[in-house]
Amino acid sequence: MSEHYDFLFKFLIIGSAGVGKSCILHHFIENKFKSDSSHTIGVEFGSKIVQVRGKRAKLQIWDTAGQERFRSVTRSYYRGAAGALLVYDITSRDSFNALTDWLTDARTLASPNIVIILVGNKKDLEDREVTFMEASKFAQENDLIFLEGSALTGEHIEDTFLQCASSILSKIESSELDPDKMGSGIQYGAESASSRGTSIQRRNNTSRSDTNCPCS
Ligand SMILES: Nc1nc2c(ncn2[C@@H]2O[C@H](COP(=O)(O)OP(=O)(O)OP(=O)(O)O)[C@@H](O)[C@H]2O)c(=O)[nH]1
Ligand SMILES: [Mg+2]
């Protein structure tokens, strides 16, 4: 697949420790289950180009540690995120109860227009503690897209990223989101930028470090 893309979106994966964030990222990138996953130290990073709504979007994904002791480090990565996967484990009531805190952090520290998708992971397991209905209600009340899936079987893993990217793109198309705005978490790809003239070029020159820096 060529490296050309129309847009670059900064994504976060957040949620309590052990809910399966790293396994979700791994399945999305490698298309297989990460059988030896251990707690993330700080943050991990992955990227992938996807095709959505006729455009190529490069997703630059920051997988954050859920453990409390890394909270101050991970929070510094929130700024300027365009999208987030907010993950809980359907077999852990505690991980569901913690969602409100994660959501507050995301809305406060990332872009105010961040598109958040709620992911109930480990759908393959039988010992469920959180019903689909209650999570669905929580999602509705908090204006979130909602999916249940499994990083083990791969069910709905790609869909979560695609739905989030698609929602961001539709907001760009309807002018609800402005990629030129600082901190939007969105950049144009090189070809899109050159075809849009000098204003985009200028923005790219001033925000080159966005690609690697948590301070974007
Ligand atoms: N059955 C099942 N187990 C899963 C699934 N996803 C992850 N796991 C297991 O859950 C455990 C934690 O997964 P991780 O991806 O490391 O969790 P995390 O959210 O990244 O945890 P932190 O990095 O500490 O925040 C591992 O033992 C995984 O094998 C899933 O969909 N189904
Ligand atoms: Mg992890």
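Start by selecting Val43 and Thr64: Val43 stands opposite Thr64 in strand S3. Before going further, bear in mind that you are looking at a predicted model.

**The hairpin**

Now widen the selection to strands S2 and S3. S2 covers residues 43-52 and pairs with S3 in the antiparallel sense, over 10 bridges. The two strands form a hairpin with two residues between them. Click on Arg53 in that turn and check the backbone: its phi is positive, about 50 degrees.

Keep S3 (residues 55-64) on screen and turn on its surroundings. Eight of its 10 residues are buried, so the strand is largely enclosed by the rest of the structure.

**Across to S1**

On to strand S1, residues 7-14. S1 and S3 run parallel and are joined by seven bridges. For a landmark on this seam, pick Phe11, whose bridge partner in S3 is Ile61.

S1 also pairs with S4, again in the parallel sense, this time over four bridges. Select Ile14 here, and you'll find it opposite Leu86 in S4.

**S4 and on to S5**

Show S4 by itself, residues 83-89. How many of its residues are buried? Seven of the seven, so S4 is largely enclosed by the rest of the structure. Colour the two sides separately to see how that works out. Gly83, Leu85, Val87 and Asp89 are buried on one side, and Ala84, Leu86 and Tyr88 are buried on the other, so to speak a strand with both faces covered.

Next, add strand S5, residues 115-121. S4 and S5 run parallel, with seven bridges joining them. Asp89 makes a handy marker, as it stands opposite Asn121 in S5.

**Into the core**

Hide the cartoon and bring up the nonpolar side chains. The largest nonpolar core has 53 residues, and those with the most contacts inside it are Phe9, Leu12, Ile24, Ala84 and Leu86. S1 supplies the largest share of this core, with seven residues.

Centre the view on Leu12. Leaving aside neighbours within four places in sequence, Leu12 is in contact with Trp62, Thr64, Tyr77, Tyr78, Ala81, Ala84 and Ala110. Thr64 should look familiar from the opening stop, where it faced Val43.

**Around ligand 1**

Select ligand 1 and its shell. Of the 20 residues around it, which come nearest? Gly20, Ser22, Ser37, Thr40 and Gly66 do. Colour the shell by class and you get seven nonpolar, 10 polar and three charged residues. Helix H1, residues 21-30, gives the largest share of the shell, three residues.

Stay with Thr40 for a moment. You'll find it in the loop between H1 and S2. Is Thr40 buried or partly exposed? With 19 other C-beta atoms within 10 Å, Thr40 is partly exposed; being buried would take 20 or more. Its contacts, leaving aside neighbours within four places in sequence, are Ser22, Asp63 and Ala65. Draw a distance from Thr40 to Lys21 as well: these two are 19 residues apart along the chain, and their C-alpha atoms are separated by 9.2 Å.

**H5 and S6**

Jump along the chain to helix H5, residues 132-141. Of its 10 residues, the number buried is one, so H5 lies largely in the open. H5 is followed by Asp143, another spot to check in the backbone, with a positive phi near 60 degrees.

From there, go to Ile145 in strand S6, residues 145-148. Ile145 is partly exposed, having 17 other C-beta atoms within 10 Å. Show its contacts beyond neighbours within four places in sequence: Ile117, Leu118, Gln163 and Ser167. Ile117 is 28 residues away from Ile145 in sequence, yet the two are 4.7 Å apart in space, C-alpha to C-alpha.

**Zooming out**

Reset the view to take in the whole protein. There are eight helices and seven strands, and 41% of the 216 residues count as buried. Switch on the contact map if you have one: among contacts between residues at least 6 apart in sequence, 72% join residues at least 24 apart.

Last stop: colour by pLDDT. The protein averages 88, and 87% of the residues score at least 70. Then select residues 197-216, where the pLDDT is below 50. Beyond near neighbours in sequence, this stretch has 18 contacts in the model. Where pLDDT is low, the predicted coordinates should not be read in detail.

Terms used. Residues numbered from 1 in each chain as written. Chains lettered and ligands numbered in written order. Predicted model: local features only at pLDDT ≥ 70, side-chain atom pairs only at ≥ 80, totals over all residues. Near = placed C-beta within 6 Å. Nonpolar A, V, L, I, M, F, W, Y, C, P; charged D, E, K, R; others polar. Buried ≥ 20, exposed ≤ 12 C-beta atoms within 10 Å, placed from the backbone. Pairing = 2+ DSSP bridges. Core = buried A, V, L, I, M, F, W, Y, C linked by C-beta atoms within 7 Å. Contact = placed C-beta atoms within 7 Å. pLDDT = per-residue confidence, 0-100.
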